[in-house]
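Please open the structure in your viewer and keep the sequence panel beside it. This tour suggests what to select at each stop and then says what is there.

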Amino acid sequence: MLNQRYAAIDQGTTGTRVVVFDENGRSHSPMSIPHKQIALNSGWVEHDPEEILANIMKCLSSCDVVDALGICHQGESIVAWDADSKKPLYNAIIWQDMRTEKRIQRMKDEGLEPLIQSKSGLPLDPYFSASKMNWIIENIVGAKQLADKGRLRLGTMDAFFLDRLCGVYCTDYNAASRTSLFNIHTLEWDEELCRIFGVPIHCLPEIRDTIGDFGSVNLDGHITPVTAVIVDQFAGTYGHGCRQQGDAKVTFGTGAFLQSLTGNDIADTRDSGLLPTLCWKFPNEKPVFGLDGGIYNAASAVNWARKIGLFSDFEELSDFRKESAISRGLAFVPALSGLGCPYWDRSAAGLWAGLSLDVERKDLLQSVLEGIAVRSAEVIVAMDRLSPLGDSISVDGGLSSNAYFKQFLADLIQKDIVAPANREVTAQGAAMLARKGLGIDRPIHLNQDALITKPSDRPMAGVMEKYQEIISRSRNLRN
């Protein structure tokens, strides 16, 4: 049997990397390239799509011949480009970007959120793609004219990559469901949502299954099929092995991104603040739905603490007192970019509560980790109430290697925290989907080793309630 090889392009918020997997479960990452973070105004976050596209090609050229390619990408980040020239009209506007905050607030004031949420499953928030697309239409010279001529293309970044790499203008159901323009009940772009947001529906890409034929890339004369496209967080969900209802994972990256599976039916999220989400759809099968919840600041809060001088080496984020900071009355709310799920409140701001003359630098660091864990636990507990989770939660990302953080989280949620030894779970998900897109379903050996953190006997009664009262004080501080 030939030892086929599958490449995953993991195109994230800070960089692009390629990871290659073979049928023996071996993997290697021959290249990783960071890209510029562009902030033209306060609250704006942009990337140069041409730079990222060049980085993708460099990564692909480093991995030799592969049999299929899977692409995972930033999800809610968007690009606008000319269908004829294929050139972007403007920088990519990234999921963190806040420039449409006032527009979103006006829409809330007009009472539009219930309708939008009933159709898309998503709350009104600058995080999602639609308001960014409208900003392009309203503010970039030539965008409206190209739209009128049928030459404007608007999409999440996967659609731009596919058009430039393969000459195919499409996206997958998962990415489409993150835009606020996709109806999760009809599984189509929704004309009313497009009208409300001011996005011409004819400018949007075709929607396809998550695996299948997305065209091919010419790599030094070798034609490589692209057989999977998915948002990075959901590639991670698949890479963690989440397949059954109740399976869940958390990725601790710039923010913390939590997903759980609920099966083939859309969960009734009621007033939970959780988002019903379409995780993936395979050919001739019903979509797999789940619950999604994100907090805006995880690693970004840790990096902020380093920037202001609280620490210089990540080794300092250990050897804390056994007694938690919150038990000593010190709490940090990591709302540096607002509060995500379940509040969806951009008026909130980060804060420390319980400062005194006894508080030292190490105490502040301990409280930062605990604050991120508490915000993550809020989402996990809400998910568990709505659609029961299993006895363990899989985790990846930078904080998944911090023993104190994992123990505090396990104690909060009273579930095992499972951190796979394989650090490539997101890329693994994209590569395994690419393999499946070739029609290969036979078992494959993958590294299943993991470090499991079990709940301890640390007293945690009342911690969540105490934190929720403190979190309430962080709201409306930006108004």
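Is Gln428 buried or exposed? Select Gln428 in this predicted model, and look for the residue within helix α13, which covers residues 425-437. Gln428 counts as buried because its relative accessibility is 7%, and buried here means under 20% relative accessible area. If you leave aside the neighbours within four places in sequence, you will find Gln428 in contact with Phe21, Gly239, Asn422 and Leu446, so it is worth showing those four side chains together.

For a contrasting stop, select Asp265, which is found in the loop between β16 (256-263) and β17 (275-280). With a relative accessible area of 59%, Asp265 is exposed. Now add Tyr404 to the selection and draw a distance between the two C-alpha atoms: Asp265 and Tyr404 are 139 residues apart along the chain, and their C-alpha atoms are separated by 37 Å.

Next, colour residues 249-434, where UniProt, in an unreviewed entry, places the feature "domain: Carbohydrate kinase FGGY C-terminal". Over this stretch the chain is 30% helix and 23% strand, while the C-alpha atoms at the two ends of residues 249-434 are 21 Å apart.

Move on to helix α1, residues 49-61, which has 13 residues and reaches 18 Å from its first C-alpha to its last, close to the 18 Å expected at 1.5 Å a residue. At the start of α1, zoom in on Asp48, where a side-chain oxygen reaches to within 2.9 Å of the backbone nitrogen of Glu50. Then show the side chains of the buried residues of α1, which are Pro49, Glu51, Ile52, Leu53, Asn55, Ile56, Cys59 and Leu60.

The remaining stops concern salt bridges, of which the structure holds 32. Begin with Arg195 and Glu192, whose closest N and O atoms are 3.7 Å apart in a salt bridge. Both residues lie in helix α8 (residues 191-197), three residues apart, about one turn of the helix. An α-helix has 3.6 residues a turn, so residues three or four places apart point the same way. Arg195 counts as exposed at 59% relative accessibility, whereas Glu192 is partly exposed, with a relative accessible area of 29%. Widen the selection to Lys119 and Asp190 as well, and you will have a network of salt bridges that links Lys119, Asp190, Glu192 and Arg195.

Now select Asp363 and Arg321, whose side chains meet in a salt bridge of 3.7 Å, N to O. This pair links distant parts of the chain, 42 residues apart, since Asp363 is in helix α11 (residues 361-386) and Arg321 is in the loop between α10 (299-307) and β19 (331-333). Asp363 counts as buried at 7% relative accessibility, and Arg321 counts as partly exposed at 43%.

What is the accessibility of each partner at the last stop, Arg458 and Asp411? Select both residues, and you will see a salt bridge in which the closest N and O atoms are 2.9 Å apart. Here too the pair links distant parts of the chain, with Arg458 in the loop between β23 (450-453) and α14 (463-473), and Asp411 in helix α12 (residues 403-413), 47 residues apart. Arg458 counts as buried at 17% relative accessibility, and Asp411 counts as buried at 1%.

Key: Residues numbered from 1 in each chain as written. Predicted model: local features only at pLDDT ≥ 70, side-chain atom pairs only at ≥ 80, totals over all residues. Heavy atoms only, no water. UniProt positions renumbered as here; feature names shortened; annotations may be inferred. Helix = DSSP H or I, 4+ residues; strand = E, 2+ residues; numbered from the N terminus. Expected span 1.5 Å × (residues − 1). Buried < 20%, exposed > 50% of the residue type's maximum accessible area, 1.4 Å probe, protein only. Polar contact = N/O pair within 3.5 Å; in protein donor to acceptor, adjacent residues only side chain to side chain. Contact = heavy atoms within 4.5 Å. Salt bridge = Lys/Arg side-chain N within 4 Å of Asp/Glu carboxyl O.
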